[in-house]
Amino acid sequence: MQGNESTRLVCSILAMDQSCFSYKVCRFCETPVSDDKPAEFICNNRKCAGRRRSSKRLFRLLFSIGTETRVMNVVAFDRAAQVIFGCSAQEFFDFSIQQPCAVKIASKVLVGELLKVTLNTPKRGKAEHLRMTNIVPMSSDFEPVIETLRKVDWS
């Protein structure tokens with residue numbers, strides 16, 4: 001794929017990177033902020049003009065997917081990732097704090113899931129992975145990750 005091309009395809013999730021599934025942003029302008037910033041901070045983005053803002057989390061999920069002909073690494077950001085997780089990144093982050101195995105189990109639950117996706121080339125030149133911008137689960141009995149995790153007996 002070159003330039004601003006997009007491709008629709010059917011694929012299966014082979015793996016999900018468990019090391020970092022979300023990142024912190026300013027709740028108002030969505031500028032990324034470091035994880036060590038407090039919940040309330042001064043945002044220096046032009047849109048915020050140095051005002052005190054709160055933060056939230058957005059999804060950034062790295063997947064290995066397979067099609068009939070190839071295997072590739074792709075990234076799914078917040079809007080697309082919410083389709084398969086069934087919740088916001090902040091809600092999943094809070095859940096994973098209470099249940100530290102949640103990310104590992106989420107990864108296992110997603111392996112083998114058949115999806116119809118739209119892949120787009122990155123808008124920024126330095127980005128290395130194709131973007132999954134639209135995700136449609138193919139299974140009629142698909143259940144979002146958060147729903148599956150809520151059914152787990154954590155005791």
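Colleague: Which residues of helix H3 are buried?
Modeller: The model is predicted, with residues numbered from 1 along each chain as its sequence is written; local features need pLDDT of at least 70 and side-chain atom pairs pLDDT 80 or more, while totals for chains, interfaces and linings use all residues. Side-chain values use heavy atoms, without hydrogens or water. In H3, which spans residues 102–110 (helices are DSSP runs of H or I with at least four residues, strands E runs of at least two, numbered from the N terminus), the buried residues (under 20% relative accessible area, 1.4 Å probe, protein chains only) are Ala-102, Val-103, Ala-106, Ser-107 and Leu-110.

Colleague: How wide an arc do these residues cover around the axis of H3?
Modeller: An α-helix has 3.6 residues a turn, so residues three or four places apart point the same way. The buried residues lie on the same side of H3, because their arc (of the directions from the helix axis to the C-beta atoms) is only 135°.

Colleague: Which elements do the buried residues of H3 pack against?
Modeller: Two strands are involved, E1 (6–16) and E4 (52–66). Contact here means heavy atoms within 4.5 Å. The helices are H1 (78–85), H2 (89–98) and H4 (145–150).

Colleague: Which residues have the most contacts inside the largest nonpolar core?
Modeller: A nonpolar core joins buried Ala, Val, Leu, Ile, Met, Phe, Trp, Tyr and Cys residues through side-chain atoms within 4.5 Å. The largest has 34 residues, and those with the most contacts inside it are Phe-63, Phe-85, Phe-92 and Leu-119.

Colleague: Which residue of H3 does Phe-63 contact?
Modeller: Neighbours within four places in sequence are left aside. The contacts of Phe-63 include Ile-13, Met-72, Met-132 and, from H3, Leu-110.

How values were computed
Buried < 20%, exposed > 50% of the residue type's maximum accessible area, 1.4 Å probe, protein only.
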